[in-house]
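Visitor: I am new to this structure, and I would like to understand how each label on it is justified. Could you show it to me and then take my questions in turn?

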Amino acid sequence: MMRTTTSAKDLLMRYTPVAVALSLLAVISSSVTHSQSPEALDPRAAALVAEGRSALAGGNVNAAIDAYESALTVEPGSVTVLLSLAEATRRQGMQGKALHYYRVALNTDPRNLVAIAGEGMALAEKGATEKASRNLARLQTLCGKSCAETQKLAAAIAQGPSPRMVTADAVTPKTVVSEN
């Protein structure tokens, strides 16, 4: 009677492809699930974000920014909070500050469509249409031409620079010298 013995090499050759395939399947499915799940915020941060959204809807941009900044202290690095804060600062005419928040969000989530579109709109409002067009091309690649973010950015680029943008001269106080 002949006895078959399986060597370690034979086992490795038989099961390695199956193990690799299963590992890749697990990695891909977990990354897709992770990227599609909404970010869970701390309840305190969620309340502050809701407060900021209602303030922004009511036209009180400063109160919205205050609420979002408070939420950011509770949830540092939260993409949801960063995007809300970026939108509020952009509406206030502070495109440079908005760009900072959009870029921090994109460092965390490079394929975030809202962040890509928001950054592009802030660039277009500053007059950097070439850079905004790069964001538009990226959005078209990621979600197509009929995507809401793509259409918003295309409209912002077509509109051109924003007249409400705040310049450094407008913020810098003028020195006044008076005699005693």
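Visitor: What makes Asp66 count as partly exposed?

Guide: Please keep in mind that this is a predicted model. Asp66 has a relative accessibility of 46%, and since buried means under 20% and exposed means over 50%, the value falls in between, so Asp66 counts as partly exposed. Asp66 lies in helix H3, which covers residues 61–74, and its C-alpha atom is separated by 9.7 Å from that of Glu51, a residue 15 places away along the chain.

Visitor: Why is Ile65 called buried?

Guide: Ile65, which also has its place in helix H3, has a relative accessibility of 7%; the cut-off for buried is under 20%, and therefore Ile65 counts as buried. Leaving out residues up to four places away in sequence, Ile65 touches Leu85, Ala88, Thr89 and Gln92. Ile65 and Gly52 are 13 residues apart in sequence, while their C-alpha atoms are 6.8 Å apart in space.

Visitor: How do you know that the length of helix H4 agrees with what should be expected?

Guide: Helix H4 runs over residues 79–91 and has 13 residues, which at 1.5 Å a residue should span 18 Å. The expected span uses one less than the number of residues, and because the end C-alpha atoms of H4 are 18 Å apart, the two values agree. Just after H4, Gly93 takes a positive phi of about 95°.

Visitor: Why is H4 described as largely enclosed by the rest of the structure?

Guide: The description rests on a count: ten of the 13 residues of H4 are buried, so the helix is largely enclosed. Those buried residues are Val79, Val81, Leu82, Leu83, Ser84, Leu85, Ala86, Ala88, Thr89 and Arg90, and what covers them includes helix H2 (43–57), H3, helix H5 (95–108) and H6.

Visitor: What makes H6 largely enclosed, and how do you know that its span agrees with its number of residues?

Guide: Eleven of the 14 residues of H6 are buried, so H6 is largely enclosed by the rest of the structure. Among the buried residues of H6 are Ala115, Ile116, Gly120 and Leu123, and the buried residues of this helix pack against H4, H5, helix H7 (129–143) and H8. As for the span, 14 residues at 1.5 Å a residue should cover 20 Å, and the end C-alpha atoms of H6 are 20 Å apart, which agrees.

Visitor: Why does Glu119 count as buried?

Guide: Glu119 has its place in helix H6, residues 113–126, and its relative accessibility is 9%; with buried set at under 20%, that value leads to the conclusion that Glu119 is buried. Leaving aside neighbours within four places in sequence, Glu119 is in contact with Leu99, Tyr102, Arg103, Leu106 and Asn135.

Visitor: How do you know that Cys143 and Cys147 form a disulfide?

Guide: The sulfur atoms of Cys143 and Cys147 are 2.4 Å apart, and because the cut-off for a disulfide is a pair of cysteine sulfur atoms within 2.5 Å, the pair qualifies as a disulfide. A search of the whole structure finds one disulfide. The link of Cys143 and Cys147 is left-handed, with -95° about the S-S bond.

Visitor: Are the two cysteines buried or partly exposed?

Guide: Cys143 has a relative accessibility of 25% and therefore counts as partly exposed, whereas Cys147, with a relative accessible area of 11%, is buried. The value that separates the two labels is 20%.

Visitor: What makes up the lining of the second largest pocket, by class?

Guide: The lining has five nonpolar, two polar and three charged residues, and the pocket itself has a volume of about 160 Å³. Its lining residues include Leu83, Tyr102, Met121, Glu149 and Lys152. H4, H6 and helix H8 (148–159) each supply at least two residues of this lining, and the largest share, four residues, comes from H6.

Visitor: How many helices and strands does the whole protein have?

Guide: The protein has nine helices and zero strands. Buried residues make up 32% of its 180 residues. Of the contacts between residues at least 6 apart in sequence, 51% join residues at least 24 apart.

Terms used
Residues numbered from 1 in each chain as written. Predicted model: local features only at pLDDT ≥ 70, side-chain atom pairs only at ≥ 80, totals over all residues. Heavy atoms only, no water. Buried < 20%, exposed > 50% of the residue type's maximum accessible area, 1.4 Å probe, protein only. Contact = heavy atoms within 4.5 Å. 1 Å grid on protein atoms, 1.4 Å probe; cavity = no way out; pocket = protein on both sides within 12 Å on 5 of 7 lines; lining within 4 Å. Points joined across faces, edges and corners; volume = space filled by probe spheres on them. Nonpolar A, V, L, I, M, F, W, Y, C, P; charged D, E, K, R; others polar.
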